[in-house]
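This report considers the nonpolar core, one helix and the salt bridges of a predicted model. The sequence and structure are shown first.

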Amino acid sequence: MDELQIRAVITGILFGAWPLLMSRSGLNGSMASAAVVTGSLIIVLPFAFWKLDSISDSTSWTTDISWKLVVIASIISGLALLLFNELLSKATSKNVGSLYVLMIVVQMVTPAIYQVVNDGGLSLGKAIGFAAAIIAAILLL
């Protein structure tokens, strides 16, 4: 595996683990979301500020960054985090896994659809992948 694949695996483990831990915290959805955002900011901001000086002179904060997309992505992320943590706070220890799997399958299909649109069509391999994702969701639920 190359470095990016290793990072993807580690990221998957971390993204897979934190919601399971948070679901056991006893916080309601909005408080859990606030806790995750606050904790994440504490971890992320030093790295963001450390990398701030690496922005080259050719990158302008006003012309090269699509702030509209930044705002839209942030709104979507915030709504998703609230919904997800509300789901986690209401799920029982018996159904949290299956609800989480359903969310992950749908999450996985979303960029696959994006890729199909960018590729200009659905290949046989991707069609089989979509069918496998649906079958996996049914079997895992």
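The sections below treat the core, then helix H3, then the charged pairs.

## Nonpolar core

In this predicted model, the largest nonpolar core is made up of five residues, namely Phe84, Leu88, Ala91, Val96 and Tyr100. Two elements each give two or more residues to this core: helix H3, spanning 67-90, and helix H4, spanning 96-119. In soluble globular proteins, nonpolar side chains tend to be buried together.

Val96 is one of the core residues. Leaving aside residues up to four places away in sequence, Val96 touches Ser23, Leu88 and Ala91. Of these contacts, Leu88 and Ala91 also belong to the core.

## Helix H3

Helix H3 consists of 24 residues. From its first C-alpha to its last, H3 reaches 34 Å, close to the 34 Å expected at 1.5 Å a residue.

The buried residues in H3 include Leu81, Phe84, Asn85 and Leu88. Phe84 and Leu88 are also members of the largest nonpolar core. An α-helix has 3.6 residues a turn, so residues three or four places apart point the same way.

## Salt bridges

A search of the whole structure finds three salt bridges. Side chains of opposite charge can pair when their charged atoms come close.

Within helix H1 (residues 3-23), Glu3 and Arg7 lie four residues apart, about one turn of the helix. Their side chains meet in a salt bridge with an N to O distance of 2.8 Å. Arg7 has a relative accessible area of 51% and is therefore exposed, the cut-off for this class being over 50%.

Helix H3 holds a pair with the corresponding arrangement: Glu86 and Lys90 are four residues apart, about one turn of the helix. The salt bridge between their side chains is 3.3 Å, N to O. Glu86 is partly exposed, with a relative accessible area of 30%, whereas Lys90 is exposed at 63%.

The salt bridge between Lys126 and Asp119 has its closest N and O atoms 3.5 Å apart. Lys126 counts as partly exposed at 29% relative accessibility, and Asp119 likewise counts as partly exposed, at 46%.

## Summary

The largest nonpolar core draws two or more residues from each of H3 and H4. H3 also carries the salt bridge partners Glu86 and Lys90, as well as buried residues, among them Leu81 and Asn85.

Definitions and conventions: Residues are numbered from 1 along each chain as its sequence is written. This is a predicted model: local features need pLDDT of at least 70, side-chain atom pairs count only at pLDDT 80 or more; totals for chains, interfaces and linings use all residues. Side-chain values use heavy atoms; hydrogens and water are left out. A nonpolar core is a set of buried Ala, Val, Leu, Ile, Met, Phe, Trp, Tyr and Cys residues joined through side-chain atoms within 4.5 Å. Buried means under 20% relative accessible area, exposed over 50%, partly exposed in between (1.4 Å probe, protein chains only). Contact means heavy atoms within 4.5 Å. The expected span of a helix is 1.5 Å times one less than its number of residues. A salt bridge is a side-chain nitrogen of Lys or Arg within 4 Å of a carboxyl oxygen of Asp or Glu.
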